[in-house]
Amino acid sequence: MNAAGAEPPRGRGGQLAAQRQATIVAEVNSRGAITVAELVDRFGVSDMTIRRDLDALDSSGLLHKVHGGATSVGLRSAHEPGFDAKLTQESAAKQAIAAEAATRVQPDSAIGIGAGTTTYALARQLLRVENLTVVTNSARIADVFHGNSRSDRTVVLIGGIRTPSDALVGPIATAALASLHLDLLFLGAHGVDAEHGLSTPNLMEAETNRSFIAASREVVVVADHTKWGTVGLSTFATWSDLDVIVTDDGLSTAARKAMRDTGCELVIAS
């Protein structure tokens with residue numbers, strides 16, 4: 001501490017504040033988003049120091065500060081990346097999450113699979129499950145199952161308006177889900193946050209996801225660690241709506257504690 005009681009602008013290894021901030025910008029631009037907890041762990045400085053860094057970088061227009069972290073300047077709360085843009089991001093983590101989540105599916109089940117790249121990876125893991133009924137709002141996920149057709153599987157693709165992330169959403173999708181009863185639902189999310197729950201940049205997708213949840217006895221979230229601390233335009237699920245979240249071992253210690261405090265079962269895929 002200096003005479004004024006402020007923390008000197010150095011992190012672990014004597015890294016200057018300017019160097020630290022440059023590293024933060026590079027990381028956010030590479031990953032799209034990062035949390036305060038991850039940055040505290042990485043640099044060995046206080047939570048307040050990281051928040052001051054994010055304030056300065058936000059003021060400079062180099063990133064966008066959000067609750068619990070920061071996103072790249074292109075990822076405002078209403079920005080929705082396309083499916084192909086997200087497909088290669090955190091690929092190994094998504095595969096690990098998908099493999100872990102697939103172990104929860106039993107033969108003779110009726111399951112829902114929401115649109116997304118992690119749920120797309122999950123669909124591939126479920127091709128061996130017998131006597132499965134799958135309801136999805138993703139043409140890409142439906143194609144995974146149709147490309148490996150078998151007589152003991154039923155695939156229901158609900159209709160709707162297509163989003164940039166290749167989800168079919170809106171009143172038609174919501175109406176189709178209203179009369180269904182699913183044993184298990186798998187949902188991805190644009191953002192996962194301790195205070196705001198699960199969120200998406202797309203208002204109609206949020207409504208469709210709520211209908212999916214209402215139709216399901218158990219809800220499993222599949223989301224890699226980069227989603228933590230991101231908040232989209234619309235919350236579609238609070239923690240009381242959810243049963244399990246499956247994520248990867250990149251989730252920070254602070255985020256793991258915050259997740260467990262929600263009361264939702266936390267599963268770390270490795």
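A salt bridge is a side-chain nitrogen of Lys or Arg within 4 Å of a carboxyl oxygen of Asp or Glu. Welcome to a few close-up views of such pairs in this predicted model. By that rule, the count comes to eleven salt bridges.

**View 1. Arg140, Arg162 and Asp166 form a network of salt bridges.** Here three residues join in: Arg140, Arg162 and Asp166 are linked together through salt bridges. Side chains of opposite charge can pair when their charged atoms come close.

**View 2. Asp53 and Arg20 meet in a salt bridge.** The N to O distance between these two side chains is 2.5 Å. The pair links distant parts of the chain, with Asp53 in helix α3 (residues 47-59) and Arg20 in helix α1 (residues 17-31), 33 residues apart. Are these partners buried or exposed? Asp53 is buried, at 3% relative accessible area, and Arg20 is buried too, at 2%. Both count as buried because each value is under 20%.

**View 3. Asp55 pairs with Lys65.** In this salt bridge, the closest N and O atoms are 2.7 Å apart. Asp55 lies in helix α3 and Lys65 in strand β2 (residues 64-66), so the salt bridge ties together parts that are ten residues apart in sequence. Asp55 is partly exposed, with 37% relative accessibility, and Lys65 is partly exposed at 25%.

**View 4. Asp152 and Arg150 share a salt bridge.** Their side chains meet at 2.6 Å, N to O. How accessible is each partner? Asp152 counts as partly exposed at 22% relative accessibility, and Arg150 counts as partly exposed at 29%.

Notes. Residues are numbered from 1 along each chain as its sequence is written. This is a predicted model: local features need pLDDT of at least 70, side-chain atom pairs count only at pLDDT 80 or more; totals for chains, interfaces and linings use all residues. Side-chain values use heavy atoms; hydrogens and water are left out. Helices (H or I, at least four residues) and strands (E, at least two) are DSSP runs, numbered from the N terminus. Buried means under 20% relative accessible area, exposed over 50%, partly exposed in between (1.4 Å probe, protein chains only).
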